[in-house]
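Here are my notes on the model, set out as numbered points. Keep the structure open while you read.

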Amino acid sequence: MRPYAIGIDVGATNVKGVTVSMTCEVLARRLIPMRDGDLVTVVREFVKELQTPIGVSAQWLGLAAPGIADPAGRSIWWMQGRLAEVAGLDWSKLLGRPVPVLNDAQAALLGEVFHGAEAEYANVIMLTLGTGVGGAAIVDGELLRGRLGRAGHLGHISLDPEGAADIVNTPGSLEDAIGDCTIGRRSDGRYHSTLELVQHLDDCPQARQIWSKSIRALACGIASLVNVLDPSTVILGGGIVAAGEKLFAPLRAEMDKVEWRPHGQAVRIVPAAAGEYAGAIGAAWNAMNRAKLTKP
């Protein structure tokens, strides 16, 4: 058996795992619901389950989770609100082997670039539109991490300085403008998810008004990020992308209004292609290729 990697993506409701070859071919994938009990035990048992059919241990093991990974990549050292129990867990120490740790949105971007949507990988950003709005960026071939590992929290840019504070105290953030976390508030309690709202666009003027405002905010957020990071492509992932053309068609129309396009060059906006296992794939790739971003 040739060397292979395991990637684990720890979420609030599910844990996803993949086995990946050295050429980023996904050999197997599996999802389990988050079980009650010790998170470390859940992950340890999951790794064993992924290795058992192969018969030999993985050469590399990587993990992705929400929050800010510490500069050494050993743990999520800061996590606010969702999945707080992941904070401070040193996975290399706990699992008895090197386990590089990455923010889940950064891992998802790596999964997309090396297995999914984006063949041109030198300058690309990703937004994950779900309960919140995650994000990550690769600029000039380097995954942006920043001084604290905080770089790429694109959902927490401010679109309205007079708006309500979001989970990290940013006023009027992109996350609050389109994330499922605020859909109840934005719809006066009428809708419980964005996809539920989208299902009523044809018969509910209120739904159309809320959706139009959300799309406008998303376009303005993307245009602002394009001005700062100058990507070739913006990848959109997360559950809200299941809205399909009801998302992308009005978004393209709004981008026509707000994007700065030198010599007519527009950024590409594409849906994520690696699927729900992108974060696990990215975690596996990160474990195999810590030094630089080079396609296998």
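1. First, a word on exposure: a residue is buried when its relative accessible area is under 20%, exposed when it is over 50%, and partly exposed in between (1.4 Å probe, protein chains only). With that in hand, E259 is buried, because its relative accessibility is 10%. This is a predicted model, where local features need pLDDT of at least 70, side-chain atom pairs count only at pLDDT 80 or more, and totals for chains, interfaces and linings use all residues. Residues are numbered from 1 along each chain as its sequence is written, and side-chain values use heavy atoms, with hydrogens and water left out.

2. Next, the charged pairs. A salt bridge here is a side-chain nitrogen of Lys or Arg within 4 Å of a carboxyl oxygen of Asp or Glu. That rule gives 8 salt bridges. Which side chains does R261 meet? One of them is E259, with 2.9 Å from N to O, and another is D256, at 3.0 Å from N to O. The surroundings vary: R261 is partly exposed at 27% relative accessible area, D256 is exposed at 53%, and E259, as said above, is buried at 10%.

3. What does R252 pair with? Its salt bridge goes to E245, and the closest N and O atoms are 2.5 Å apart. R252 counts as partly exposed because its relative accessible area is 41%; E245 is partly exposed too, at 48%. Have a look as well at R216, E254 and K257, which salt bridges link into a network.

4. Now the sheets. Helices (H or I, at least four residues) and strands (E, at least two) are DSSP runs numbered from the N terminus, and two strands pair if DSSP finds at least two bridges between them. One open sheet has 5 strands in the order β3-β2-β1-β4-β7, with mixed pairing. Why do β3 (26-33) and β7 (101-103) count as edges? Each has a single partner strand, so one side of each has no neighbour in the sheet. On average, neighbouring strands here are turned by 20° against each other, direction ignored; axes are lines fitted to C-alpha atoms, for helices over the stretch in contact, and angles run from 0 to 180 degrees between N-to-C directions.

5. Within that sheet, β2 (residues 14-21) and β3 run antiparallel and are joined by 7 bridges. If you want a register marker, V15 stands opposite I32 in β3. Helix α1 packs on this sheet and touches β1 (4-10), β2, β3 and β4, with its direction at about 145° to that of β1; contact means heavy atoms within 4.5 Å. Helix α9 (residues 278-288) lies across β1, β2, β3, β4 and β7, running at about 135° to β1.

6. There is also an open sheet of 5 strands ordered β10-β9-β8-β11-β12, again with mixed pairing. Its edges are β10 and β12 (268-271): each has a single partner strand, so one side of each is left without a neighbour in the sheet. β9 and β10 pair antiparallel over 2 bridges, and V139 has E142 in β10 as its bridge partner. Helix α7 packs on the sheet, touching β8, β9, β11 and β12, and its direction makes about 155° with that of β8. Helix α3 (residues 104-115) lies across β8 (124-129), β9, β10 and β11, at about 55° to β9.

7. Two backbone spots to check. Most residues other than glycine have a negative phi. D140, though not a glycine, has a positive phi near 50°. Where is D140? In the loop between β9 (133-139) and β10 (142-143), and D140 is exposed at 62% relative accessibility. D230 also has a positive phi, about 55°, without being a glycine. D230 lies in the loop between α7 (205-229) and β11 (233-237), exposed at 57% relative accessible area.

8. Last, a greasy spot on the surface. M1, L27 and V56 form a nonpolar patch with about 290 Å² of accessible area together. Patch members have over 30% relative accessible area and no salt bridge; like charges are joined within 9 Å, and nonpolar side chains (Val, Leu, Ile, Met, Phe, Trp, Tyr) within 5 Å. Areas come from the Shrake-Rupley method with a 1.4 Å probe, and for residues only the protein chains shown count as cover. V56 sits in the loop between α1 (39-51) and β4 (60-65) and is partly exposed, at 39% relative accessibility.
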